[in-house]
Amino acid sequence: MHIIIANGSDSPIYQQIKEQVKEQILSGDLLEGEMLPSLRQLARDLKISVLTTTRAYNELEEEGFIVSQPGKGFYVLGSSSELFKEQLIRTVESSLIDAIKAAKHASLSEEELKQILDLLLEVDGYD
Amino acid sequence: MTDILNVRGVTKSFPGFILDNISFYLPKGYIMGLVGPNGAGKTTTIQLILNILRADSGKIELFGLDNKEYEVRIKQDIGVVFDTSFFADGWKVKDVEKALSPFYDNWNKKHFADLIDRFELPRNKKIEKFSRGMQMKLMLSCALAHDAKLLILDEPTSGLDAVARDQLSEILQDYIKDGERSVLFSTHITSDLQRIADYITFINRGKLFYTGSLDGLVEKYSLIKGKPTELDDCLKDQMLGFRVTNVGFEGLAETSTITKTQSLILEPASLDDIILFASKKGANQ
């Protein structure tokens with residue numbers, strides 16, 4: 001696992017950690033069952049507070065990306081887990097909601113919007 | 001689980017200054033920063049914890065034990081680092097060990113020697129010739145050599161350069177890594193704290209302004225910036241403190257109380273911003 005904290009970034013440090021861990025899970029850099037660095041090790045390595053790493057890991061756990069095993073540590077959940085799927089579905093939904101809002105601004109009809117989606121689905125290269 | 005440190009409703013009055021009803025607690029395994037402008041009551045608070053000063057009222061417990069009743073036992077498990085060295089000037093490292101080690105049941109000679117090596121402290125040099133950073137490291141070595149469960153540091157970073165401050169952060173993080181030990185340190189230089197502190201206790205003019213997680217404090221407040229014309233009485237009331245110039249104003253307010261208008265800029269506040277503006281508010285009153 002690698003984490004790079006940008007000091008100048010607008011997003012808080014715990015958020016930066018979350019995003020980067022998620023990215024690495026989604027891209028397959030972090031594999032199912034892989035153990036994450038301990039909360040205190042990560043805090044020390046990044047020179048940040050333990051509460052910050054705790055918050056990042058806890059939220060990742062709530063969102064179904066990782067799981068804690070008391071006394072052992074945090075592990076990456078596989079992409080087959082239900083929570084993980086739910087999380088992905090939520091991402092799809094929110095992206096589609098954005099698309100619908102944009103379509104309304106552009107006064108597109110429902111039919112036109114669906115056509116765009118169908119068209120995009122036909123085009124390869126989105127996987 | 002017992003807290004390492006629990007301060008409950010502690011009051012101490014001096015002529016012209018009252019430390020007023022201060023309460024906070026520090027759980028096991030975390031770092032707390034005690035912050036506030038000079039003269040806010042940070043050192044008084046530390047002296048009360050160490051039973052150097054007696055409180056008028058309130059209760060202080062360390063490791064679940066009353067700090068007056070069990071003073072001797074408690075002090076076995078505390079390590080203290082002050083902003084000025086408390087060693088006699090003519091001493092060398094070995095004299096310090098000779099003087100201090102008899103007081104501690106848990107003094108570990110090997111650990112002390114390792115720390116002196118790790119911090120690269122010269123054994124043949126008199127302590128009066130040590131730099132500020134070296135003196136701090138020597139005090140820290142003494143605190144760590146007797147296996148303290150709580151480190152209390154009063155302004156440890158004042159007079160240290162950036163390299164020494166960075167080393168100190170690292171040492172403190174290593175110290176709490178096993179989750180069994182805690183650190184309380186007072187400082188008015190907050191850049192060091194911004195990252196490694198889990199909890200903040202902010203004292204201003206003898207009163208407790210905030211105690212809780214650093215994240216909680218930083219999220220609670222926002223910086224507001226805008227044109228001078230936008231600064232009406234309502235906004236002034238909402239702000240904790242502000243600064244007006246010819247070209248604009250800048251202030252601090254609780255994020256939840258601010259209604260955002262188009263031209264006002266809201267930004268996350270840093271610990272420094274909060275301390276700066278909160279102290280100003282006190283001065284205006």
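**A tour of salt bridges and a domain contact**

Start in helix H3 of chain A (helices are DSSP runs of H or I, at least four residues; strands are runs of E, at least two; both numbered from the N terminus). Select A:Glu59 and A:Arg55: both lie in this helix, 4 residues apart, about one turn. They form a salt bridge, with the closest N and O atoms 3.4 Å apart (a side-chain nitrogen of Lys or Arg within 4 Å of a carboxyl oxygen of Asp or Glu).

This is a predicted model, where local features need pLDDT of at least 70, side-chain atom pairs count only at pLDDT 80 or more, and totals for chains, interfaces and linings use all residues. Residues are numbered from 1 along each chain as written, chains are lettered from A in written order, and side-chain values use heavy atoms, without hydrogens or water.

Next, add A:Lys18. Its side chain meets that of A:Glu59 in a salt bridge at 2.8 Å, N to O. A:Glu59 lies in helix H3 (residues 50-62) and A:Lys18 in helix H1, so the pair ties together parts 41 residues apart in sequence. A:Lys18 is buried, at 4% relative accessible area; A:Arg55 is partly exposed, at 23% (buried is under 20%, exposed over 50%, partly exposed in between; 1.4 Å probe, protein chains only).

Widen the selection. A salt-bridge network links A:Lys18, A:Lys22, A:Arg55, A:Glu59, A:Glu63, B:Asp215 and B:Glu219.

Move to chain B. B:Glu61 and B:Arg8 form a salt bridge, closest N and O atoms 3.7 Å apart. B:Glu61 sits in strand S4 (residues 57-62) and B:Arg8 in strand S1 (residues 5-14), 53 residues apart.

Finish with the domains of chain A: domain 1 (13-76) and domain 2 (82-122), bounds taken from an automatic or database domain assignment. Between them, the salt-bridge count is 0.
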